[in-house]
Amino acid sequence: MNTSMDLSNGPLTGIRILDLTSVVLGPLATQILGDYGAQVIKVESLEGDLMRSNGVNLSPSMSSIYLSINRNKQSLAIDLKTEAGKEILRQLIPRVDAVVHNMRLSAIAKLGFGYDEVVKLHPQIVYCAATGFDQDGPDRDRPAFDDIIQAACGLASVNSLGKSRPDYISTLVADKTTGMALVNAVLAALLAKERSGQGQYVEVPMLETMVAFTLVEHMGGLTRNPATQNAGYSRVLSGGRQPSPTQDGYIAMLPYTNHHWESFFRDAGQEALGKELGVTNRVTRNANIQGLYAALHTITATKTTAEWIEICDRLDIPATPIYALEALPSHPQLQAVQLFTDDVHPDVGAIRYVRPPVKFSKTPAKVRHQARRLGQDTESILTDLGYSQKQIDSLVNQRAIVNGK
């Protein structure tokens, strides 16, 4: 290990990632790796990543979503269906530490960049594939998107309780959660490579990752085989934890310990009701969970949100107002830590973005540059590979690359 390396750009300074991902799952993961200091070369088709046009379009091919998950990356626009495009990738692979993609395995193998081919070019490569379904199962070739995985992993079912039909969670939770798992997998494989000198093939399947995620608290009766009770964690299911109504809106309030619940009912002048609901014992409290939260909501409706925040602060009960998305930049905590940062994007103009939330005391994560326009780094990357300007111009004329410098 090189202990003298300058890691001022982040703990992954010196690591090179070849990013063949698109949409949300993969790009979020590779952006985090880039925030941590890795050099990320994002390979895009000549049309660009689909997310360049999704969300709020701030300029042609630069949307709000694309900006949110593609900073700290170089953009290399090549047509991998052409031999010239394939050759560029073949030259890049031996120069990187890891390849990350979220294509179907059959599709990337058809292009000539499945693991078996890539490992021939770079025997120590960390090759990480984000798949929809574990490739040892019968669904291995099925297409997977966030909605599909939410439905298949049980989340849509959990989110349907108290509603007339199944429903999705209103965020790309499967994409983003699996993206976080992808980051962890790449980092673990890079650490193993640092220790052993050996690369490996890594697979991060969406469905299986999200089933594990969902069942952390909802395994319930499934923990015994055969099951003796239903799956699910009653404390957060129908009749359980929900925002509490107040005189002027709602509040998120979470009395959690015996002391919290006793203090809440005593302060509200309802000590006898608290005893009736068994709040001094976690087992009896959980057995009465629906009645307990019904009582909570009846009591909170008697005061304003601000009054309850003051009471909860005094009783040390976790609580917060409900923040709308548009109100987040004015959240006092987020303002104090400067989570939202202003910048000027060369193609978009003035923008606001969320800085890397993880803090390293000695190797800080940084935003070195915002998302690039399509093919902005194609020429510089090809020049580093030894291509002449004449060759680059020829590749542009052949429609093998986009030079967006």
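These questions and answers concern a predicted model.

Me: Which helix or strand gives the most residues to the largest nonpolar core?
Reply: The largest nonpolar core holds 41 residues. Elements that each supply at least two of them include α1 (25-35), β7 (126-131), α8 (173-196) and β8 (200-205). With eight residues, the top contributor is α8.

Me: Which residues does C128 touch, leaving aside those up to four places away in sequence?
Reply: C128 is among the members of the largest core that touch the most other members, along with I17, L33, I149, L182, V186 and M210. Contact here means heavy atoms within 4.5 Å. On that basis the partners of C128 are V99, V100, H101, L182, A185, V186, V202 and V204.

Me: How many residues make up the second, separate core?
Reply: This core stands apart from the largest one. Its members include L18, I41, I78 and V118. The count is 28 residues.

Me: Which two residues does the cis peptide bond join?
Reply: Look in the loop between α9 and β9 (244-246), where P226 is found. Omega is about 5° at this bond. The bond joins N225 and P226.

Me: Is D316 buried or exposed?
Reply: D316 lies in the loop between α14 (305-315) and β11 (319-321). Its phi is near 60°, positive in a residue other than glycine. Exposed means over 50% relative accessible area. D316 has 61%, so it counts as exposed.

Me: What is the phi of Q338?
Reply: Q338 sits in the loop between α15 (332-336) and β12 (340-345). At 58% relative accessibility, Q338 is exposed. Q338 is not a glycine, yet its phi is positive, at about 55°.

Key. Residues numbered from 1 in each chain as written. Predicted model: local features only at pLDDT ≥ 70, side-chain atom pairs only at ≥ 80, totals over all residues. Heavy atoms only, no water. Core = buried A, V, L, I, M, F, W, Y, C linked by side-chain atoms within 4.5 Å. Buried < 20%, exposed > 50% of the residue type's maximum accessible area, 1.4 Å probe, protein only. Helix = DSSP H or I, 4+ residues; strand = E, 2+ residues; numbered from the N terminus.
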